[in-house]
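Biologist: I am new to this structure. Please pick one part of it, look at that part closely, and tell me what surrounds it.

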Amino acid sequence: MNSLLPNSTAVTVQQTARPSGFPTPDQFRFVETPVPEPVRGTALVENLYWSVDPYHREMMDGEFALNAPLEGRTVGLVVASHDPGLVEGALVFHRRGWRTHAVVGPDEVQPLPELPGVAPSAHLGLLGGTGLTAYVALTRIARLREGDDLFVSGAAGGVGTAVGRFARLLGVGRLVGSTGSAAKATYLTEQVGYDEVFDYREGPVADLLARAAPDGVDVFVDNVGGDHLAAAVGALRERGRIVRVGTISQYNRPDTPPVRFDHADFVEKSLRMEGFLVRDHGDVRDELYTFAAPHLLDGRLASDETVVVGFERIVEAFLSMLRGGNTGKMIVKAAHA
């Protein structure tokens, strides 16, 4: 990895307007500034890998400040340090992404453990927030049991592929997914380990799910919402569990009508539905490393990534991800990394 330290210019991405519906490129701008200087107790990090995530779309509606650098998960290299706990040359994870350089304090970063043969980008995927979301969904919310049959909506995304791979290691029974193309369905069955995957564009989701899982399922991990959620309620067996991770089908459609399903199913089948925010489960991160890292090292676990090269393409990558242009985790990689 070559340092950008000799460069005198840093670049940040800022949001300039609130979207109505799907975001557009003109609602972002790239701003050049001098590379910031670290002060005592901080370090300068040159960012190398950036995560673009569906939750960014929700934050664009009000949580992101306009005309200010956007935040996001990133992995970077400490290139100058004025703090003994931040060693120059170390790779670190932090959340001051969507910029080429960041000045951080020791409480804002997590040094990455040395995992020979594992790409740094895995710390944004299977070993990062994406993997933690999948792991918490399966082990803490669904409490997946060996032999449980599982349905995953948005199965080709970062969380969906991680859920599939983790579920296989945890002893899932039949693994069923939905996605938006035949090519992604083939990838999920041939590469990730799904038993059956349907393209939700081919017909009513309830009918497609009934064909893919004629005997029903025990657990539903939902990244989509909408008609996927309604279909899953009907397909769940007695004491079925629904884990709400996201509602990507509605992020860009603020006028989407509410989901309609048979509420009596929740009583008659003793169903349970629970959502969560991964930020409330940081205490599980070490357990995730213990579970996933050895399998990454021995090859039983693989990262599913769509990598876009060049920081200047980060907005392009984000918008592509929202339209389903990725298989697995969408990662932006510095051209020199």
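**Helix α2 and its surroundings**

Modeller: Of the 337 residues in the protein chain, 54% are buried (under 20% relative accessible area; exposed is over 50% and partly exposed in between, with a 1.4 Å probe and protein chains only). This is a predicted model, in which local features need pLDDT of at least 70 and side-chain atom pairs count only at pLDDT 80 or more, while totals for chains, interfaces and linings use all residues. Residues are numbered from 1 along each chain as its sequence is written, and side-chain values use heavy atoms, with hydrogens and water left out.

The protein chain has 10 helices and 15 strands (DSSP runs numbered from the N terminus: helices are H or I with at least four residues, strands are E with at least two). Its C-alpha trace spans about 65 × 45 × 35 Å along the principal axes. Among its contacts (heavy atoms within 4.5 Å) with a separation of 6 or more, 69% are between residues 24 or more positions apart.

The part I chose is helix α2, residues 129-141. This helix is mostly covered, since 11 of its 13 residues are buried. Those buried residues are Gly129, Thr130, Gly131, Leu132, Thr133, Ala134, Tyr135, Val136, Ala137, Leu138 and Ile141. Just after α2, Arg143 takes a positive phi of about 50 degrees.

What covers it? Two packed helices are described by the angle between their axes and the distance between the axes, and two helices can be described in this way as partners of α2.

Take α3 to begin with. Helix α3 covers residues 158-169. Its axis is 8 Å from the axis of α2, and the two pack at an angle of about 50 degrees (axes are lines fitted to C-alpha atoms, for helices over the stretch in contact, and angles run from 0 to 180 degrees between N-to-C directions). The pair is therefore oblique (roughly parallel is under 35 degrees, roughly antiparallel over 145, roughly perpendicular 65 to 115, and oblique the rest). On the α2 side of this contact are Thr130, Gly131, Thr133, Ala134, Tyr135 and Leu138, and on the α3 side are Gly158, Val159, Ala162, Val163, Phe166 and Ala167. By class, these residues divide into 8 nonpolar, 4 polar and no charged (Ala, Val, Leu, Ile, Met, Phe, Trp, Tyr, Cys and Pro are nonpolar, Asp, Glu, Lys and Arg charged, and the others, Gly among them, polar).

The other partner is α9, residues 285-298. The axes of α2 and α9 come within 10 Å and cross at roughly 95 degrees, which makes the two helices roughly perpendicular. From α2, the residues Gly129, Gly131, Leu132, Tyr135 and Arg140 meet Arg285, Glu287, Leu288 and Phe291 of α9. This contact holds 4 nonpolar, 2 polar and 3 charged residues. Gly131 and Tyr135 appear in the contact with α3 and also in the contact with α9.

A loop residue also reaches the start of α2. Arg73 lies in the loop between α1 (55-59) and β4 (74-81). Arg73 is buried, at a relative accessible area of 9%. Leaving aside neighbours within four places in sequence, Arg73 is in contact with Gly129 and Thr130, and the list also includes Tyr49, Trp50, Asp53, Phe93, His94, Leu124 and Val278. The loop between α1 and β4 holds Asn67 as well. Asn67 is partly exposed, with a relative accessible area of 42%, and has a positive phi of about 60 degrees although it is not a glycine.

One step further out, α3 has a contact of its own with α4. Helix α4 covers residues 182-192, and its axis comes within 11 Å of that of α3, crossing at roughly 30 degrees. These two are therefore roughly parallel to each other. Here α3 supplies Thr161, Gly164 and Arg165, which meet Tyr187, Leu188, Gln191 and Val192 of α4. The contact has 3 nonpolar, 3 polar and 1 charged residues.

To put it together, α2 is mostly covered, packs obliquely on α3, lies roughly perpendicular to α9, and has Gly129 and Thr130 in contact with Arg73.
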